[in-house]
Amino acid sequence: MNELRIDDVARKSGLTKRAIRYYEQIGLLPSPTRSEGGYRLYTEKDVEFLKKVMNAKEVMGFSLQELQEFLKLSETLELQRLDYRQVKGTNQQKEKLEKVLHTVEEELRLIEQKKNNILKVEADLFSLRDRAQKAIIRFEQGEK
């Protein structure tokens, strides 16, 4: 297995070394193995995970708490998918699919919540813009 040091992971993931250490500290990123000299040793899987974290933060605007919940659901979903594959063709298949469905619905709920918050902020900004434009027009017409 190709082991990477934190400098390599930072370069490949686009995060700072400080952010990587922080994510490890709060439990978002599992603690990596260490070399005999005490250096953190990461894998390509860790890099991919951190890229997923950055994507969720940047694209979806998740807070760290939301991010932890979303990643936990993603991990649960992946485990459920593996579990489903093991019982494919058996009577347990429906039960496993129901668990997958529930987890997907939870992820969608998180995204819907974030989307509604963004739409509210957007509506507030449109309202402020409209009021400012009206005030400018009144000002230009000599009203105060």
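Leu101 counts as partly exposed, because its relative accessibility is 48% and the partly exposed class lies between the cut-offs of 20% and 50%. Leu101 is in helix α5, which runs over residues 93-140. The model is predicted. The points below cover helix α5, the packing of α1 and α2, helix α3, the loop residue Phe62, and the contacts of Glu66 and Arg40.

**Helix α5 and Leu101**

- Between Leu101 and Ile26 there are 29 Å in space, C-alpha to C-alpha, and the two are 75 residues apart in sequence.
- Helix α5 is made of 48 residues, and the distance from its first C-alpha to its last is 69 Å. That is close to the 70 Å expected at 1.5 Å a residue.
- The buried residues of α5 are Lys96, Val100, Thr103, Glu107, Leu110 and Lys114.
- These buried residues of α5 pack against α3 and α4.
- After α5 comes Gly142, with a positive phi near 95 degrees.

**Packing of α1 and α2**

- Helix α1 (residues 6-13) packs with helix α2 (residues 17-25) at an angle of about 100 degrees, and their axes are 9 Å apart.
- Angles of 65 to 115 degrees count as roughly perpendicular, and α1 and α2 are therefore roughly perpendicular to each other.
- On the α1 side, the contact is made by Ile6, Asp7, Val9, Ala10 and Ser13. On the α2 side, Lys17, Ile20 and Arg21 take part.
- Sorted by class, the contact of α1 with α2 has four nonpolar residues, one polar residue and three charged residues.

**Helix α3**

- Helix α3 (residues 44-60) has 17 residues, so at 1.5 Å a residue it should span 24 Å. The C-alpha atoms at its ends are 23 Å apart, which agrees.
- Buried in α3 are Asp46, Val47, Leu50, Val53, Met54 and Ala56.
- The buried residues of α3 pack against α1, α2 and α4.
- Gly61, just after α3, takes a positive phi of about 70 degrees.

**Phe62, between α3 and α4**

- Phe62 lies in the loop between α3 and α4.
- Phe62 is buried because its relative accessible area is 4%, and buried means under 20%.
- Leaving aside neighbours within four places in sequence, Phe62 is in contact with Ala56, Lys57, Leu67, Phe70, Leu110, Ile111 and Lys114.
- One of these contacts, Ile111, is 49 residues from Phe62 in sequence, while the C-alpha to C-alpha distance is 9.1 Å.
- Two further contacts of Phe62, Leu110 and Lys114, are among the buried residues of α5.

**Glu66 in α4**

- Glu66 is in helix α4, residues 64-87.
- The Glu66 side chain reaches the backbone nitrogen of Ser63 at 2.8 Å.
- Apart from neighbours within four places in sequence, Glu66 is in contact with Gly61, Leu110 and Lys114.
- Of these contacts, Gly61 is the residue with positive phi just after α3, and Leu110 and Lys114 are buried residues of α5.

**Arg40 in β2**

- Arg40 is placed in strand β2, residues 40-41.
- A polar contact at 2.7 Å joins the side chain of Arg40 to the side chain of Glu24.
- Not counting residues up to four places away in sequence, Arg40 touches Leu4, Arg5, Ile6, Arg21, Glu24, Pro32, Thr33 and Arg34.
- Among the residues touched by Arg40 are Ile6 and Arg21, which also take part in the contact of α1 with α2.

How values were computed
Residues are numbered from 1 along each chain as its sequence is written. This is a predicted model: local features need pLDDT of at least 70, side-chain atom pairs count only at pLDDT 80 or more; totals for chains, interfaces and linings use all residues. Side-chain values use heavy atoms; hydrogens and water are left out. Helices (H or I, at least four residues) and strands (E, at least two) are DSSP runs, numbered from the N terminus. A polar contact is a pair of N or O atoms within 3.5 Å; within protein, one must be able to donate a hydrogen and the other to accept it, and residues adjacent in sequence count only if both atoms are side-chain atoms. Contact means heavy atoms within 4.5 Å. Axes are lines fitted to C-alpha atoms, for helices over the stretch in contact, and angles run from 0 to 180 degrees between N-to-C directions. Angles under 35 degrees count as roughly parallel, over 145 as roughly antiparallel, 65 to 115 as roughly perpendicular and the rest as oblique. Ala, Val, Leu, Ile, Met, Phe, Trp, Tyr, Cys and Pro count as nonpolar, Asp, Glu, Lys and Arg as charged, and the others, Gly among them, as polar. The expected span of a helix is 1.5 Å times one less than its number of residues. Buried means under 20% relative accessible area, exposed over 50%, partly exposed in between (1.4 Å probe, protein chains only).
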